[in-house]
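Good morning, colleagues. I would ask you to keep the sequence and the model in view while I speak.

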Amino acid sequence: MNTLHRIDGRLHLEDVALDTLAERFGTPLYVYSRQALETAYRAYAEAFAATPHLICYAVKANSSLALLNLFARLGAGFDIVSGGELARVLAAGGDAGKVVFSGVGKSAAEMRAALEAGILCFNVESESELHRLNRIAGEMGRVAPISFRVNPDVDPKTHPYISTGLKQNKFGVPIAQARALYRLAASLPHLKVTGIDCHIGSQLTDLSPLADAADRVLALVDALAEDGITLHHIDLGGGVGIRYRDETPPDLAAYGRVLAQKFAGRRERLLLEPGRSLVGNAGLLLARVEYLKPGEEKNFAIIDAAMNDLMRPALYEAYHDIVAVNAGTTPAQRYDVVGPICETGDFIGFARDLAIGEGDLLAILSAGAYGMSMASNYNSRPRSAEVLVDKNEFHLIRERETQKGMMAQERLPC
Ligand SMILES: *Cc1c(COP(=O)(O)O)cnc(C)c1O
């Protein structure tokens, strides 16, 4: 996170000291850097400048309205996976004509909402979904633009929970069946075949699976052309990794060059669906140390952020750097950094050397992606507030949830 730096020992994001945000808004608190978000988006725009393209930000990585609004103003499209995400994109000023709709379980109501809004494309993941979409579009007197999400069966070499492009995954249609499915789609009256799509996994640190998937998809596009089916776009999904610890993520410029070569002379527009790589390193989670608890084998730092605020460590054993916000005077000790939730899985990081005392602030880094968007109310904990930093200014972009708000939808039976 390179918008993060220290001035006289105090950690700042852009020009704002993090301790002032904690004082003002409380903890746990998600904090994002506008500059980092824009820099990440511009890096994509530059890397793929040689190929006509559209960057469809994958909303599930972080669906906060202020971030969606920022990307919409930069010209982004959006990759959504639910009707709720569509509503957010529209509320944030996003252009429905730049929205692609992914996901294996689109409901009839979600299809209607997306047809009503006039989205760019449905990324269809099964034959049953194709028939449902054809029927609903017909009922509405519309034509649904579609692509198939094909499963190219390449190993993305990432964590099994975030790998999606293998034969055993639930996603997409097998690439071997795609040609027959495209012929079927072309014969259905309320559908218009416009593209093809794949997304093989997340947090990829190697370019070669992405390049392999692109080759397999392009070969299929050429086969489809022989069947008289021509496409307007080729969507190669997201999945580019970021640095959490010591990973070396793929070089975007190199990825851009690889695809520029493959797309040279082609007529289809390139679509990309990056999520993590646009937001992950633009955000952090601020937390306060509640208790230091020395143990026989381990010392625990019990903080006020937990797995309901940041689920990635519990879910994928993911690593997040944890740093003291202000340089202290206590000597460093090794701690397991854990939350207050009644689960052994409620940890943020193991065996971290930290010079901290009770009441001190910690910053959990690289928390912009799959942090707030996965937050829950487990243990009846209100979800965090969020702040967007912009140079020396800051904006509260989401208020902390209240206890009343958490109970607002509930009713007693009599
Ligand atoms: C999650 C997802 C993405 C974004 O993945 P990242 O690894 O965050 O870039 C893109 N496309 C689809 C279909 C997804 O499910």
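Let me begin with a question: is threonine 205 buried, partly exposed or exposed? Threonine 205 is partly exposed, because its relative accessible area is 33%, which falls between the 20% and 50% limits. Please bear in mind throughout that this is a predicted model.

I shall stay with this residue for a moment. Threonine 205 sits in the loop that runs between strand S11 (191-197) and helix H8 (207-226). Setting aside neighbours up to four places away in sequence, threonine 205 has contacts with Glu247, Thr248, Pro249 and Pro250. Its C-alpha atom is 7.6 Å from that of isoleucine 242, and these two residues are 37 apart along the chain.

I turn now to the chain as a whole. The protein chain contains 12 helices and 21 strands. Its radius of gyration is 23 Å, which agrees with the value near 22 Å for a compact globule, because that is what the rule gives for 414 residues. Taken along the principal axes, the box filled by the C-alpha atoms is roughly 70 × 60 × 40 Å. Of the 414 residues, 53% are buried.

The contacts add to this picture. If one takes the contacts between residues at least 6 apart in sequence, 70% of them join residues at least 24 apart. The accessible surface comes to about 18,000 Å², and carbon and sulfur atoms account for 50% of that area. As for charge, the chain has 43 positive and 50 negative charges, and their mean positions lie 4 Å apart.

Next, the cysteines. How many disulfides does a search of the whole structure find? The search finds zero. Cysteine 56, for one, is in no disulfide: the nearest cysteine sulfur belongs to cysteine 121 and is 9.6 Å away. A disulfide would require the two sulfur atoms to be within 2.5 Å. Cysteine 56 is buried, because its relative accessibility is 0%. Cysteine 342, by contrast, counts as exposed, because its relative accessibility is 66%.

I move on to the region around helix H3. This helix spans residues 65-73, and within it Leu67, Leu68, Leu70, Phe71 and Ala72 are buried. Just after H3 comes glycine 75, with a positive phi of about 100 degrees. On the other side, the loop between strand S5 (53-58) and H3 holds serine 63. Is serine 63 buried or exposed? Serine 63 is buried, because its relative accessible area is 14%, and the limit for that class is under 20%. Beyond its neighbours within four places in sequence, serine 63 is in contact with Leu68, Arg88 and Ser373. Of these partners, Leu68 is itself among the buried residues of H3.

Some backbone geometry deserves comment. As a rule, most residues other than glycine have a negative phi, and most peptide bonds are trans. Where does this model depart from that pattern?

The peptide bond from threonine 27 to proline 28 is cis, with omega near -5 degrees. Proline 28 belongs to the loop between helix H1 (18-25) and strand S4 (29-33).

Aspartate 153 is not a glycine, yet its phi is positive, near 55 degrees. This residue lies in the loop between strand S9 (144-151) and strand S10 (173-174). Aspartate 153 is partly exposed, because its relative accessible area is 27%.

Alanine 351, also not a glycine, has a positive phi of about 50 degrees. Its setting is a strand, namely S18 (residues 347-354). Alanine 351 counts as partly exposed, because its relative accessibility is 43%.

Finally, I come to arginine 142. This residue is in the loop between helix H6 (127-139) and S9. Which residues does arginine 142 touch, not counting those up to four places away in sequence? They are Leu115, Glu116, Ala137 and His190. The C-alpha atoms of arginine 142 and valine 100 are separated by 17 Å, and the two residues are 42 apart along the chain. Arginine 142 is partly exposed, because its relative accessible area is 30%.

To close, I return to the opening residue: threonine 205 is partly exposed, and its contacts include Glu247 and Pro250. Thank you for your attention.

Terms used:
Residues numbered from 1 in each chain as written. Predicted model: local features only at pLDDT ≥ 70, side-chain atom pairs only at ≥ 80, totals over all residues. Heavy atoms only, no water. Helix = DSSP H or I, 4+ residues; strand = E, 2+ residues; numbered from the N terminus. Rg over C-alpha atoms; globule rule 2.2 N^0.38 Å. Buried < 20%, exposed > 50% of the residue type's maximum accessible area, 1.4 Å probe, protein only. Contact = heavy atoms within 4.5 Å. Areas by Shrake-Rupley, 256 points an atom, 1.4 Å probe, with all protein chains shown as cover. Lys, Arg positive; Asp, Glu negative; His and termini not counted. Charge placed at Lys NZ, Arg CZ, Asp CG, Glu CD.
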